[in-house]
Each structure stands twice: as C-alpha cells, then as structure tokens.
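This report introduces a structure to a reader who meets it here for the first time. Please look over the sequence and the structure shown below before reading on.

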Amino acid sequence: MKSLSQCLIEALNTEDNRLFFDRLAIDTKNRVLCLNYGNINAEESPLINNPIEWSVDVGGEKYDVISIFRRTKYTNKENLNIDGNPFVCALKQIGGWRFDVSDDDVTRYTQRFLDVCGKINREYDVVVTVPSDANINIRFMNCIADQIRCGAKINTYFHKVEFEYAYEARNLKKIKEDCIQKYDNWKPVYEDILDEIDKCFDKMNPNGYFQSKYMNNSYMKYIDTIVSSNRYMIDVMSELIDNKNILILDDNIFPTHSISQCAQNILETFNPKTVTIITLLSSQY
C-alpha cells in the first residue's frame with residue numbers, strides 16, 4: 001500500500017511540490033510565517049505541510065479527522081520544546097507573530113489538500129463550520145467550504161460564550177482531582193493553577209467573549225464551556241444532520257483535546273450517517 005507521502009508526490013507536479021513538501025518559512029526577524037521561501041530571513045519551520053489523517057473515538061464510534069498542518073514541537077535557541085511555536089503564536093496573534101499568506105496561497109493550498117486526501121469527498125449533505133478566533137483558520141475553512149458541494153451550510157448553530165459564562169465554567173473539581181492524583185501536598189498546586197487561570201482571564205475583555213488565545217493550552221481542559229449551541233435550532237439541525245453525510249470544518253485543536261467542543265456536541269447530540277472532520281492544525285505531534 002502506498003503511503004500518503006507517495007500519493008502526494010504522484011499527485012503534485014514538480015513545480016508545485018513545495019506547496020506541500022517544503023516547510024513553512026519562518027521569518028524570525030519580522031516574526032512572520034508564510035507558505036513560500038521568498039524571504040531571505042526565513043529559516044526552516046518544524047511544521048510539516050503534509051495533511052495528517054487520524055481518527056477520534058466518541059461514544060464508541062470512530063470518526064475520521066484530517067488536519068491540514070501537523071503539530072510538531074518547536075525547539076528554540078535554548079533547546080526548549082515549545083508546542084507549535086511560533087505557528088500557535090501566530091494563530092493566537094501573540095508575541096508579535098503573524099501570518100503572511102495571500103488568498104491565492106490559501107486557494108492553491110486547499111485545492112491540493114482536497115485533491116490528495118482520499119477520505120475527503122467533494123460532496124456532502126451538510127457542511128458545518130465551527131466559529132474560530134483565528135483569521136487564518138477562518139480563511140482556510142471558508143475556502144474549503146467554497147470547494148465542497150453540499151445541500152446545506154450551517155455556520156450559525158454555534159457561537160462563542162461570554163467571558164463571565166466561561167469563567168463560571170472553570171472545572172474546579174477536575175483541577176482538584178488532578179492535583180490530588182499527582183501531588184501529596186496538592187493544595188498549594190491547586191491554588192497556583194487557579195491563580196494562573198485567573199491571570200489568563202485577566203488578559204481578556206470582561207465585557208466580551210472568551211478568547212482562547214489568552215488561555216494557556218495546558219489549562220484549556222479545565223474550561224468546560226467555550227462555545228454555546230443555539231437550542232432553538234436543535235429540531236432544524238436534527239432534520240438536517242440525522243442520517244446524513246456531514247463535514248465539520250473545526251476550530252483549532254488544543255493538545256489537550258482531540259476535537260473541539262462544537263464537534264463533540266454534534267456527535268453527542270445528533271445521529272449523522274457519516275462524519276468527516278477537518279482541522280487546520282492537528283492535536284497530535
């Protein structure tokens with residue numbers, strides 16, 4: 001059986017191979033990430049531009065997940081492994097990092113991505129788009145949605161929750177249980193984690209919505225609700241999704257999560273015939 005990389009090589013012509021097999025360019029001077037090597041200040045990125053296919057188990061059922069980029073650990077000059085940095089920094093728009101990716105780059109890249117991923121069909125009954133804070137994620141997913149034929153597109157069922165609601169959704173019980181399991185003297189650790197989570201919330205607008213870019217990845221598992229579904233649309237959603245082939249264009253996945261809360265909600269609430277999930281960045285290294 002041919003590997004995914006072999007299939008990709010055969011599918012792409014020599015001129016365009018760099019779109020997938022060359023790596024992202026990182027301009028450390030200007031803190032810019034791009035999809036080409038036009039910048040002389042760029043160095044090789046640890047994020048391989050090969051789509052990664054894996055599966056997730058929800059309620060005993062396995063679902064296909066395809067990610068456009070593979071998450072890898074980035075080793076900085078101090079030889080410290082940092083999760084996806086600077087890719088994740090650019091996603092979260094922190095530390096001055098940003099993407100310099102043109103609409104043409106996104107279009108060409110998604111076309112190649114769809115062409116070589118055998119598990120992605122070009123037609124679904126329904127395409128569900130999960131809300132995202134990251135502009136680059138929105139651009140990629142919108143471009144994919146434009147290239148997929150479907151009977152219905154859903155992009156208003158989910159919405160980000162307000163700051164206060166997310167703060168109240170801190171799972172203090174889970175934090176306590178984790179601390180007790182790992183530490184004999186667990187109370188100081190428990191208090192430290194609560195303090196660190198509060199510091200993350202302090203960076204957000206208290207009158208706005210929860211902003212995941214300010215939350216440390218390791219603490220996301222302790223926030224039970226960061227999105228909310230429109231309960232008035234459940235009957236409509238059920239009619240659209242039950243016994244149908246659906247494609248979920250998911251938000252960015254944290255290392256502590258396999259799929260987003262939105263995708264989890266769909267799989268637990270409705271009964272689709274088949275489900276395919278696409279994410280920009282994989283949750284696995």
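## A salt bridge in helix 7

In this predicted model, Lys199 and Asp195 form a salt bridge, with 3.6 Å between their closest N and O atoms. The two residues are four apart in helix 7, so about one helical turn separates Lys199 from Asp195. Neither partner reaches the exposed class, because a residue must have over 50% relative accessible area to count as exposed: Lys199 is partly exposed at 42% relative accessibility, and Asp195 is partly exposed with a relative accessible area of 38%. Salt bridges with shared partners join Asp195 and Lys199 with Glu196 in one network.

## Salt bridges between distant parts of the chain

Under the distance rule applied here, the count of salt bridges comes to eight. One of the salt bridges is formed by Glu123 and Arg149, whose closest N and O atoms are 3.6 Å apart. Because Glu123 belongs to strand 9 (residues 123–129) and Arg149 to strand 10 (residues 149–154), this pair ties together parts of the chain that are 26 residues apart in sequence. Glu123 and Arg149 are both exposed.

Another salt bridge joins Arg170 and Asp198, again with the closest N and O atoms 3.6 Å apart. This pair links distant parts of the chain, 28 residues apart, since Arg170 lies in the loop between helix 5 (163–168) and helix 6 (172–182), while Asp198 lies in helix 7 (residues 186–202). Arg170 has a relative accessible area of 18% and is therefore buried, because the buried class takes in residues under 20%. Asp198, with a relative accessible area of 23%, is partly exposed.

## A buried charge without a salt bridge

Which side chain of opposite charge is nearest to Asp178, a buried residue that has no salt bridge? It is Lys221, which is 4.1 Å away from Asp178. The pair does not count as a salt bridge because the nitrogen and the carboxyl oxygen would have to be within 4 Å. Asp178 itself lies in helix 6, and, leaving aside its neighbours within four places in sequence, Asp178 is in contact with Lys221 and Tyr222.

## Aromatic rings

The structure holds six aromatic pairs. Among them is the pair of Trp186 and Tyr190, which is edge-to-face, with the ring centres 5.9 Å apart and an angle of 75° between the planes. Trp186 and Tyr190 both belong to helix 7, where they are four residues apart, about one turn of the helix, and both of these residues are buried.

Ring pairs also link Phe163, Tyr167, Phe201 and Phe210 into a cluster. One member of this cluster, Tyr167, has the charged end of Arg170 sitting over its ring, 3.8 Å from the ring centre. Arg170 thus appears here in two settings, over the ring of Tyr167 and in a salt bridge with Asp198.

## The protein as a whole

The protein has nine helices and 14 strands, and, of its 285 residues, 47% are buried. Among the contacts between residues at least 6 apart in sequence, 72% join residues that are at least 24 apart. The area that the protein exposes is about 14900 Å², and carbon and sulfur atoms supply 43% of that area.

How values were computed: Residues numbered from 1 in each chain as written. Predicted model: local features only at pLDDT ≥ 70, side-chain atom pairs only at ≥ 80, totals over all residues. Heavy atoms only, no water. Buried < 20%, exposed > 50% of the residue type's maximum accessible area, 1.4 Å probe, protein only. Lys, Arg positive; Asp, Glu negative; His and termini not counted. Contact = heavy atoms within 4.5 Å. Areas by Shrake-Rupley, 256 points an atom, 1.4 Å probe, with all protein chains shown as cover. Phe/Tyr/Trp six-rings, centres within 6.5 Å; stacked < 30°, edge-to-face > 60°. Lys NZ or Arg CZ within 6 Å of the ring centre and 35° of its normal.
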